[in-house]
Amino acid sequence: MRNLLAGLDVGTSKVCALVAEAGADGEIALLGFGIAPCNGLRKGIVVNIEATVDAIKAAVQEAERSSGVRIGTVAVGVAGAHIRGLNSHGIVAVRGGEVGPRDIDRVIDAARAVAIPLDRQVLHILPQQFAVDDQEGVRDPVGMAGVRLEARIHIVTAAQSYGQNLVKCCERAGITPSEMVFEPLASADAALFPEERELGIALIDIGGGTTDIIVFHQGAVMHTAVLPLGGNHITNDVAAGMRTPAADAERLKIDYGVATSVVVRRDDNVQVPGVGGREPRVIPRRILAEIIEPRMEEIFSLAQRELLRSGVADNLASGMVLVGGSSLLEGTQELAERIFTLPVRRGLPINLKGMPEELMKPMYTTAAGLLLYLGQSRGVGNVPGRFGRWGRLRTRLTDWVRDFF
Ligand SMILES: Nc1ncnc2c1ncn2[C@@H]1O[C@H](COP(=O)(O)OP(=O)(O)OP(=O)(O)O)[C@@H](O)[C@H]1O
Ligand SMILES: [Mg+2]
């Protein structure tokens, strides 16, 4: 039987559906893909069901056509400012003097028994470390002798209604979400090297509507956050600042935009299309940079605050990886290095095999990562660098998805 996997990234700018197959060697390789523009979301949240359903249908149909595979269930990415990440910890007495899998369940239950409001649903429970008696930093405590077991975990929760709308859109488009995955977690699977997660790294996904942050240290997720800002805000700033229509502002931004005026030559000029039949104007490119720079600085300053909250800001030995379409903005890396004083690299979906060149871009890391994430949770494929065998505790998410109907 073929081991087929499908992932769906419903972004603020586009919907991307990917189909892959896990081979006998454990390698997950792409079979086909479909991309459709989407304007049914604002800041990562579905605001227009019809438009979102149409975009999902179009992307899924194209992915089915190009792969020759019929898509039934998918792993869907979730983002949006309604997502919250928090750290928690729990302690239990070990039964019988040796830690067993049941003790792990109990200690995780104790750790997740923090106050989670009724309207929020747990998306992920991500263990950070266990401790047995005074022995800290244990990844797999099963079989260890001791009387006290402690767990530190990171919990990602989502507002129920937003998740429900996303599920509804998928169902209306004729597909069933089998898992919902916090988007930067998927992006990390696609773009990071295992040693980066060990040494400490922050991945920042600057998309159209949101900027998602995830911080790893010693193989574990230490912090997650979503900022309600992205490339669309930059486009709006350019449209207002240049008094030009949004579509022209988007083009201007992509063709000539820069994140910091430092990288602009003094004699660089750009042509700005006029509004309402007015003549185009020629202006110094530096002015465009001066419109974009404060917004990028705002995004990075808010991200910096999140890194400080993570408690490992000083231990990010591998620095930072930038993904998402807006990371393509010229000068973004330079600005990030200046603000974070970390080594910064651009991330690409390198861990998924068979990606055509047109998908080897920072905006497709989430979609590619969804397949790798799904493979891991089904026990196929070999995504390197995960946190031991307890790294992917199954939440009762499938039940959550089912509860909607
Ligand atoms: N070359 C480029 N230079 C600057 N910005 C770009 C470039 N290419 C794409 N973008 C911007 O990237 C954004 C889209 O990125 P991406 O596809 O990662 O977002 P998304 O996943 O649809 O949205 P989100 O994750 O926020 O829901 C848009 O704002 C677009 O203007
Ligand atoms: Mg995205």
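In this predicted model, a run of residues in helix α4, namely E183, L185, A186, S187, D189, A190 and A191, meets T365, T366, A368, G369, L370, L372 and Y373 of helix α10. Helix α4 covers residues 183–191 and helix α10 covers residues 365–377, and their axes come within 7 Å of each other, crossing at roughly 85°. That crossing makes α4 roughly perpendicular to α10. Sorted by class, the residues in this contact are eight nonpolar, four polar and two charged.

A second pair of helices can be looked at in the same spirit. Two packed helices are described by the angle between their axes and the distance between the axes. For helix α6 (residues 231–242) and helix α7 (residues 246–256), the angle is about 110° and the axes are 8 Å apart. So α6, too, is roughly perpendicular to its partner, α7. On the α6 side, the contact is made by G231, I234, T235, V238, A239 and M242, while α7 brings in A246, A249, E250, L252 and K253. By class, this contact of α6 with α7 has seven nonpolar, two polar and two charged residues.

Two of the α7 residues just named, E250 and K253, turn up again around ligand 1. Which of the 19 residues around ligand 1 come nearest? They are T12, S13, G209, E250 and K253. For E250, an N or O atom in the side chain is 2.5 Å from an oxygen atom of the ligand. In the case of K253, a polar side-chain atom lies 2.6 Å from an oxygen atom of ligand 1. The backbone joins in as well: a backbone N or O atom of T210 sits 2.9 Å from an oxygen atom of ligand 1.

Next come two threonines in helices. T52 belongs to helix α1, which spans residues 49–67. Is T52 buried or exposed? With a relative accessible area of 0%, T52 counts as buried, because the cut-off for that label is under 20%. The side chain of T52 has backbone oxygens around it: a polar atom of this side chain lies 2.7 Å from the backbone oxygen of N48, and the backbone oxygen of G40 is 3.4 Å from a polar atom of the T52 side chain. Setting aside neighbours within four places in sequence, T52 is in contact with V10, C38, G40, L41, V46 and C169. G40 therefore appears both in this contact list and, through its backbone oxygen, beside a polar atom of the T52 side chain, while T52 itself is buried.

The other threonine, T332, is in helix α9 (residues 332–340). T332 is buried, with a relative accessible area of 0%. Not counting residues up to four places away in sequence, T332 touches I206, A259, M296, F300, L322, S326 and S327.

Some residues are brought together in space from far along the chain. E179, in strand β11 (residues 176–182), is one example: E179 and V74 are 105 residues apart in sequence, but their C-alpha atoms are 7.1 Å apart in space. Although E179 has a charged side chain, this residue is buried, at a relative accessible area of 10%. What does the side chain of E179 make a polar contact with? The partner is the side chain of S377, at 2.6 Å.

L192 gives another example. This residue is found in the loop between α4 and α5 (194–199), and its relative accessibility of 1% means that L192 counts as buried. L192 and N351 are separated by 159 residues in sequence, with 7.9 Å between their C-alpha atoms. N351 is also among the residues that L192 touches once those up to four places away are left out; the others are R197, I201, L203, F216, V321 and R345.

Finally, two loop residues deserve a look for their backbone angles. D133, in the loop between β8 (120–132) and β9 (135–138), has a positive phi of about 50° although it is not a glycine. Q218 lies in the loop between β13 (211–217) and β14 (220–227), and Q218 likewise has a positive phi of about 50° without being a glycine. As for accessibility, D133 is partly exposed at 26%, and Q218 is partly exposed at 44%.

Methods
Residues are numbered from 1 along each chain as its sequence is written. Chains are lettered from A and ligands numbered from 1 in the order in which they are written. This is a predicted model: local features need pLDDT of at least 70, side-chain atom pairs count only at pLDDT 80 or more; totals for chains, interfaces and linings use all residues. Side-chain values use heavy atoms; hydrogens and water are left out. Helices (H or I, at least four residues) and strands (E, at least two) are DSSP runs, numbered from the N terminus. Buried means under 20% relative accessible area, exposed over 50%, partly exposed in between (1.4 Å probe, protein chains only). A polar contact is a pair of N or O atoms within 3.5 Å; within protein, one must be able to donate a hydrogen and the other to accept it, and residues adjacent in sequence count only if both atoms are side-chain atoms. Contact means heavy atoms within 4.5 Å. Axes are lines fitted to C-alpha atoms, for helices over the stretch in contact, and angles run from 0 to 180 degrees between N-to-C directions. Angles under 35 degrees count as roughly parallel, over 145 as roughly antiparallel, 65 to 115 as roughly perpendicular and the rest as oblique. A residue is near a molecule or strand if one of its heavy atoms lies within 4 Å of it.
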